[in-house]
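Visitor: Please take one part of this model and go through it closely. I would like the strand pairing there, and then whatever packs against it.

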Amino acid sequence: MVDTPQEIKEKRFGRVVPILLVFLGLVALGLIFRWAKPAKPVVRLEWEGLVVLSPNLILTFLDVDPESPKIGDWKDWEKKLANHPRIRKIRITRDPDGFLNINVQEKVAEFVIHVGSSLYEVDEDLEILSRDQVLADHLIVISGQFTVGENKLEGRQIFDITKEMRHALSLYPTLKSRISELVAERDGNFTMYLKSPNSIKVYLGDKLELNVFRKLYASLAYMETESVKAVSIDLRGEDAIYH
């Protein structure tokens, strides 16, 4: 008697199911054996996601000696690091083989704000990431008599300045590598200091608006095209004046 195609399929399925069940059982036993066995003591830290922070800085924040860290107290680290001003998210997991995996998502510094004698790294929400410990490279410094709150910069002036700077730099990105500092003077005027193509002082006037950045961009393009050398640029009038 010849089996029908349907019977052949049923017989094949009947042979595959036991094999599959045995395979799944072995996998399950392997997992149970792996996780049921006593975990090894933590002997090594594995770091992921670090950008400007370093393992030493994080361990110091945890009051742990970086040279001979006591890893046995790691269970409170995640809670403590959640309060670190530069950390957005933190996840710590323990590997049964003795590894402690620390995954860090850092906040991104956008500007350095100079108030009084201190430098504050801030993110796009003006939250303070550091004080007098600038870690990020090539940030534009904004100086002025701004209000420093407990965890962030406050006040309409600094909000408007950073908003205008952010918008202008998105339209003229090459300016970001040229601007060293923007100063909000006490008399209401703005002064900018460039580091490229050379050290140049730029007088912007009393309005920080997109048209000023357009004029600055055009002025620098003109200087490079015509090989104009200057130590200062005055943008307060209709035309740029070079000195």
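Guide: In this predicted model, strand β10 (residues 179–184) pairs with strand β11 (residues 190–194) in the antiparallel sense, over 5 bridges. One bridge joins Ala 184 to its partner in β11, Phe 190.

The two strands belong to an open sheet of 9 strands with mixed pairing. Its order is β6-β5-β4-β7-β10-β11-β12-β13-β14, which places β10 between β7 and β11, and β11 between β10 and β12. The edge strands are β6 (128–131) and β14 (241–242), each of which pairs on one side only.

Helix α5 (residues 210–226) lies across β11, together with β12 (200–205), β13 (232–234) and β14. The angle between α5 and β11 is about 35°.

Helix α5 also takes part in an aromatic pair. The whole structure has 2 aromatic pairs. In one of them, the ring centres of Tyr 172 and Tyr 217 are 5.1 Å apart and the ring planes stand at 35°, so the pair is tilted; planes under 30 degrees apart would count as stacked, and those over 60 as edge-to-face. Tyr 217 lies in helix α5, while Tyr 172 lies in the loop between α4 (156–171) and β10, so the pair ties together parts that are 45 residues apart in sequence.

The two tyrosines fall into separate accessibility classes. Tyr 172 has 18% relative accessibility and therefore counts as buried, the cut-off being under 20%. Tyr 217, at 37%, counts as partly exposed.

Note on methods. Residues are numbered from 1 along each chain as its sequence is written. This is a predicted model: local features need pLDDT of at least 70, side-chain atom pairs count only at pLDDT 80 or more; totals for chains, interfaces and linings use all residues. Side-chain values use heavy atoms; hydrogens and water are left out. Two strands pair if DSSP finds at least two bridges between them. Helices (H or I, at least four residues) and strands (E, at least two) are DSSP runs, numbered from the N terminus. Contact means heavy atoms within 4.5 Å. Axes are lines fitted to C-alpha atoms, for helices over the stretch in contact, and angles run from 0 to 180 degrees between N-to-C directions. Rings of Phe, Tyr and Trp (its six-membered ring) pair if their centres lie within 6.5 Å; planes under 30 degrees apart count as stacked, over 60 as edge-to-face and the rest as tilted. Buried means under 20% relative accessible area, exposed over 50%, partly exposed in between (1.4 Å probe, protein chains only).
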